[in-house]
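Thank you all for coming. I would like to take a few minutes to walk through a structure that may be new to you, so please have the sequence and the picture open in front of you.

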Amino acid sequence: MLRAQDRGPPGGERAAGLRGVVVLLVALAGLVVAAAGVWWGLAHRGAVRLLGVLLAVAAPVTVVLLVAGSGLWPVVLATAVLWTGAQGCSRAALQQEHLHPGGMRGRPGKALHHPVLIMNPKSGDGKVGRFGLVEKAGVLGCRVILLNTSAQQDLAAIARRAVADGADLLGVAGGDGTQALVAAVAAQHGLPFLAIPAGTRNHFALDLGLDRADPSRAGGADGRR
């Protein structure tokens, strides 16, 4: 039988377990803060972006120092290796075979007779004007609806009116918010939708593999797509 002095200090194991749980919770909170920092850094500008970058860097460093001091670094290291492996497997599993380096592979569709493009002239610091999108749309036979940015307008209502007037394609030259509203109307009416990345970030266009540096390529107006 063990003597009392061989059993260690009372409550020692319980304290060690509690300390491990606290370290784990703090580590998880640090990951959440780091993720929020990355989002702020990507989605905002100015002071908010700077704060996001600082959080994205400081939070992981703080977590690493805390874990190293707690003696749990082997467990965390193994978890990081497994997490990295899981990320690699998920990316491989989600790769779309129909994608190629030039973007999404097109497929033949029915002929268009009344395509309508809605353009925001102030998106992306004036990309519509800089790239001559109105003129290029005219060359392709598209009707252009240029938004009046000096007054508040209902984009969904404008898109529905275009459909009622016979539009067989809806397109948007603007940012993600503008494109989302019009794309919803196109989906409701079963119409094809054309995204022209004339905004600032255009994450949707990035997912489609479109050239965000030159929005005129999205509609094939220059003959390269």
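Which residues form a nonpolar patch on the surface? In this model, which I should say at once is a predicted one, the patch is made of Val 21, Leu 24, Leu 25, Leu 28 and Leu 31, and together they have about 490 Å² of accessible area. If we take one member of that group, Leu 24, we find that this residue lies in helix H1, which covers residues 12-43, and that Leu 24 counts as exposed because its relative accessibility is 51%, where the cut-off for exposed is over 50%.

Staying with helix H1, let us turn to Ala 27, which also has its place there. Is Ala 27 buried or exposed? Ala 27 has a relative accessible area of 15%, and since buried means under 20%, we call Ala 27 buried. As for what lies across from it in the fold, the C-alpha atoms of Ala 27 and Ala 59 are 8.9 Å apart in space, while the two residues are 32 apart in sequence.

Let me now step back to the chain as a whole. The chain has eight helices and six strands, and if you read along the sequence you will meet them in the pattern α-α-α-β-β-β-α-α-β-α-β-α-β-α. Of the 225 residues in the chain, buried residues make up 28%.

Next comes strand E3, which spans residues 115-119, and in which Met 119 has its place. Met 119 counts as buried, because its relative accessibility is 1%. From Met 119 to Thr 178 the distance is 9.1 Å, C-alpha to C-alpha, although 59 residues separate them in sequence.

In the loop that runs between strand E3 and helix H4, the latter being residues 127-130, we find Asp 125. What is the phi of Asp 125? Here we have to be a little careful, since most residues other than glycine have a negative phi. Asp 125, which is not a glycine, has a positive phi of about 60 degrees. Asp 125 is also exposed, because its relative accessible area is 67%.

I would like to move on to a pair of helices, H6 at residues 155-164 and H7 at residues 176-188. At what angle do H6 and H7 pack? The angle is about 40 degrees, and their axes are 9 Å apart. That angle makes H6 oblique to H7, and the crossing of the two is right-handed.

Two loop residues belong with this pair of helices in my account. The first one I will mention is Asp 165, in the loop between H6 and strand E5, the strand at 169-174. Asp 165 is exposed, because its relative accessible area is 55%, and in space Asp 165 is 9.1 Å from His 114, C-alpha to C-alpha, with their positions 51 residues apart in sequence.

The other is Gly 175, which lies in the loop between E5 and H7. Gly 175 counts as buried, because its relative accessibility is 18%. The C-alpha atoms of Gly 175 and Ala 198 are separated by 6.2 Å, and these two residues are 23 apart along the chain.

To close, I would ask you to return to where we began, and to look once more at the nonpolar patch on the surface that includes Leu 24, a residue that is itself exposed and part of helix H1.

How values were computed. Residues are numbered from 1 along each chain as its sequence is written. This is a predicted model: local features need pLDDT of at least 70, side-chain atom pairs count only at pLDDT 80 or more; totals for chains, interfaces and linings use all residues. Side-chain values use heavy atoms; hydrogens and water are left out. Patches are made of residues with over 30% relative accessible area and no salt bridge: like charges are joined within 9 Å, nonpolar side chains (Val, Leu, Ile, Met, Phe, Trp, Tyr) within 5 Å. Accessible areas come from the Shrake-Rupley method with a 1.4 Å probe; for residues, only the protein chains shown count as cover. A salt bridge is a side-chain nitrogen of Lys or Arg within 4 Å of a carboxyl oxygen of Asp or Glu. Helices (H or I, at least four residues) and strands (E, at least two) are DSSP runs, numbered from the N terminus. Buried means under 20% relative accessible area, exposed over 50%, partly exposed in between (1.4 Å probe, protein chains only). Axes are lines fitted to C-alpha atoms, for helices over the stretch in contact, and angles run from 0 to 180 degrees between N-to-C directions. Angles under 35 degrees count as roughly parallel, over 145 as roughly antiparallel, 65 to 115 as roughly perpendicular and the rest as oblique. A crossing is left-handed if the near helix is turned anticlockwise from the far one by less than a right angle, and right-handed if clockwise.
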